[in-house]
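Here are some questions about how terms are applied to a protein model. Each answer sets a value against its definition.

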Amino acid sequence: MIQRAAFFRRLIKSSSLPSKVGVRYSTAQVATCLQTIAQSDDESIDIDWENLGFNLMPTDYMYLTKSCEDGHFKQGQLNPYGNIQLSPSAGVLNYGQGVFEGTKACRRDDGGLFLFRPHQNAMRMQIGAERMCMPCPSIDQFVDAVKQTALANKRFIPPPGKGSLYIRPLLIGSGPILGLAPAPEYTFLVYACPVGNYFKEGIAPLNLYVEEDLHRALCGGAGGVKSITNYAPVLRAIKSAKERGFTDVLYLDSVHKRYIEEVSSCNIFLVKGKILSTPAASGTILEGVTRKSIIDIAHDLGYQVEERLIEVEELNNADEVFCTGTAVGIAPVGSITYKAKRIEYKKVITSKQLYSRLIGIQRGVIEDKRDWIVEIE
């Protein structure tokens, strides 16, 4: 039996209830949080962890809060996972005013739960929100919301090495607006889903196609932030590439059509000897959290890293190519097709070395010297 004081400390920690002395909680609030704790502690769940894939699977809870008139966000609450109500004239529906993030909660061999660099996601959302004329939760509120969502859905976090709980923070203009202007109200929500490998090929090397006519982002646009408006325009290129047997698309710059930028959902690296090259985050590509982490790890392992313009012709001379992203992790590239010419890459030495170091840090077997790991229990 849990002692009363310890029980309520756990109740507050596992919920959105304030921890101020003297606060009285309603019966409904306590009941909801009791249910949250009970379900998050129930580890029995019928999921085939060996064949998880990257597909939507509803979980128990999501976090939700709305903005105040002064632009700050109210204290959020955990709610049962489900639909939200929006006005037909909501800013996100009419003008695409929205940004999102992606991070993961994982389980270690000792049963501990952790997040990987969630503060970086919080800061990136703030940058994106500013670009899209939106208020944004503070870094602390963002990270706390992610923690609450992970804990409330703890039973969906896969066993060590079997996947992760993908967590999607989403900030949208939910207030009604007719003229082209920022929405009068914003909703910040966080939901989660257990996932395995992002690509259906699993850990097999990717086969990419260089798209020459359709572009992911333009100079001066919003390509450098995780805006929802960046993703629908690439669906046509992805669909066409997959119909021809490719895994994904590698995009070129829209001005010269000669410099590589990024893949639809991840950043790209070229390896030549002990030099790693990746396109510079100059406004048309997303500065990925995994990308930043791999750059630091590469330096630790004695590699030279160049962030620069990379001509598409340089793909012919690379020893190795790999992609990075929260969803994909580190994915080796087996081939890239450009102008009907297939360039093949046989080596995966560097990507394996970098992946091993990254996973070692995340699992706690390699020292986390940069405080990347945030334990949540």
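Q: Why is Thr-350 called buried?
A: In this predicted model, Thr-350 has a relative accessibility of 5%. Buried means under 20%, so Thr-350 counts as buried.

Q: Which residues is Thr-350 in contact with, leaving aside its neighbours within four places in sequence?
A: They are Val-271, Leu-276, Tyr-303, Glu-320 and Phe-322. Contact here means heavy atoms within 4.5 Å.

Q: Where does Thr-350 lie, and which other residues there are buried?
A: Thr-350 lies in helix H8. The buried residues of H8 also include Ser-351, Leu-354, Leu-358, Ile-359, Gly-360, Ile-361 and Gln-362.

Q: What span should helix H8 have, and what is the distance between its end C-alpha atoms?
A: Helix H8 has 15 residues, 349-363, and at 1.5 Å a residue they should span 21 Å. The expected span takes one less than the number of residues. The end C-alpha atoms of H8 are 21 Å apart, so the two values agree.

Q: Which residues of helix H6 are buried?
A: In H6, residues 235-243, the buried ones are Ala-237, Ile-238 and Ala-241.

Q: What puts these buried residues on the same side of H6?
A: They cover an arc of only 100° around the axis, and therefore lie on the same side of H6. In general, an α-helix has 3.6 residues a turn, so residues three or four places apart point the same way.

Q: What do the buried residues of H6 pack against, and which residues are exposed on the other side?
A: The buried residues pack against strand S8 (206-211) and strand S9 (248-252). Exposed on the other side of H6 are Leu-235, Arg-236, Lys-239 and Glu-243.

Conventions. Residues are numbered from 1 along each chain as its sequence is written. This is a predicted model: local features need pLDDT of at least 70, side-chain atom pairs count only at pLDDT 80 or more; totals for chains, interfaces and linings use all residues. Side-chain values use heavy atoms; hydrogens and water are left out. Helices (H or I, at least four residues) and strands (E, at least two) are DSSP runs, numbered from the N terminus. Buried means under 20% relative accessible area, exposed over 50%, partly exposed in between (1.4 Å probe, protein chains only). The arc is that of the directions from the helix axis to the C-beta atoms.
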